[in-house]
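I opened this model to look up its nonpolar cores and how some of its helices pack. My entries follow in the order in which I checked things.

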Amino acid sequence: MYTQPQISTNGDLNSRSFIYFYYDNKRYKIYNGNKLNLPIFPNHAKTIKQRNTLLKQLQFEFHKALSNNWNPNIVVETNENIDTKSCFLQILNEKLNSPYSKTYKRDLQKICSQYLEFLKPVLLEREIKDIPSNTIEQFLNQFKSSGRHYMNKRRMLCIFYSEVVRKGYLEKNPIATTAKQKTKAKLHEIYPEQQLKNVLEFLKEENYNLYLCALITYGCLLRPHQEIRGLKRKHINEDFTQILLSGGENKSGRIRTVFIPPYLQLELKKQLSAVTDMETNIFTLDNQITFNDDYFKTQWSRAKRKMLKQNLVLENQTLYSFRHTAVVNVYRKTKDLQIIQQLLQHSNMIVTLNYLRGLGEISNENLIQSMPTL
């Protein structure tokens, strides 16, 4: 009646892997554990090894299900009597056991805890479909201190309700009908040319790791906390001209190659001259230790207090300002949006345009000057 599930994969993280089997002479391709209500997502893995482990787990679970007379053509009825608290905790547990980022899991835990604490005990014991829509509105209204804060909370709660709909406990996502708020872009003011030099000189004397991070942020347009902090010697090629990151090591989720400018090559060669182990982190100079998630955030806060006293930086200038400064400099030099899109690894040009608008580089005045004349 069925064949044993087989794994189809390759060595490319950008290519989707799956298991497949035949049931009643019909071929089925399975990419995740959703059909068995299991949090197994091989294509979310950040390494080939992790993906292969998840694929084997997926293969085992579906073989076990088929052995127990599971039929892929029959949709299993969901438990419609599950109470709200159990439903949310079940979804949270599935998310926490999936390969998402630490910050994403932290935000999910936070909103789940806040929402369950807000609901009255009598509502927690009811089915999820019995939660009044105005109760959801009242919960979200607590976070209207800013548009960004409100929309972040709304987005995270929507993730839970999307899963509720997917599991069949609700037909429609109630978050879709809640009010939206306009978010204001967070300003990371760029550094003028002379100020950029002054700040980098200060950081080089004050905190070399922070200086190196800022230089990579500016020269390679990588993100400091997510992409730069975890850089190892293996990510830099032999002649120090390129950095290569896998899909699981950068935000875009695609393999990314960035060129290293000459001024950064000199610093990296000096920093890594004695390193022979390719697993060595370029900041800790250790093959076992990587600085914690908030390391550069903390180091920047300390350095910024000193720089503010010396009038080296402005309040709105941040570690991310080095990246934004680089983008603005490239755009002013080339006026080529496609180059900016490629450098930032944006998924489409709309994202790039919004990014530049957020930096104040594309305005109505620019558009007026570009209008055809007669």
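I first fixed my terms: a nonpolar core is a set of buried Ala, Val, Leu, Ile, Met, Phe, Trp, Tyr and Cys residues joined through side-chain atoms within 4.5 Å. I also noted that this is a predicted model.

With that definition, I found that the largest nonpolar core has 47 residues, and that Leu203, Ile216, Ile243, Leu268, Met307 and Phe322 have the most contacts inside it. Several elements each supply at least two residues of this core, among them helix H7 (193-206), helix H8 (208-220) and strand E4 (242-245), and H8 gives the most, with 9 residues.

I then looked up Leu203 and, leaving aside its neighbours within four places in sequence, listed its contacts as Tyr208, Leu210, Tyr211, Ala214, Trp300, Ala303, Met307 and Phe322. I noted as well a second, separate core of 29 residues, which includes Leu108, Met156, Ile159 and Ile175.

Next I turned to helix H3 (residues 102-118) and helix H6 (residues 147-166), which pack at about 85° with their axes 10 Å apart; the two are therefore roughly perpendicular to each other. Their contact involves, among others, Leu108 and Ile111 of H3 and Met156 and Ile159 of H6, and by class it has 10 nonpolar, 1 polar and 3 charged residues.

Last, I checked helix H1 (residues 48-67), whose 20 residues reach 28 Å from first C-alpha to last, close to the 28 Å expected at 1.5 Å a residue. Its buried residues include Arg51, Glu61 and Phe62, and the buried residues of H1 pack against strands E1 (6-8), E2 (18-23) and E3 (26-30). Just after H1, Asn69 takes a positive phi of about 70°.

Notes:
Residues numbered from 1 in each chain as written. Predicted model: local features only at pLDDT ≥ 70, side-chain atom pairs only at ≥ 80, totals over all residues. Heavy atoms only, no water. Axes fitted to C-alpha atoms, helices over the stretch in contact; angles between N-to-C directions. Helix = DSSP H or I, 4+ residues; strand = E, 2+ residues; numbered from the N terminus. Parallel < 35°, antiparallel > 145°, perpendicular 65-115°, else oblique. Contact = heavy atoms within 4.5 Å. Nonpolar A, V, L, I, M, F, W, Y, C, P; charged D, E, K, R; others polar. Expected span 1.5 Å × (residues − 1). Buried < 20%, exposed > 50% of the residue type's maximum accessible area, 1.4 Å probe, protein only.
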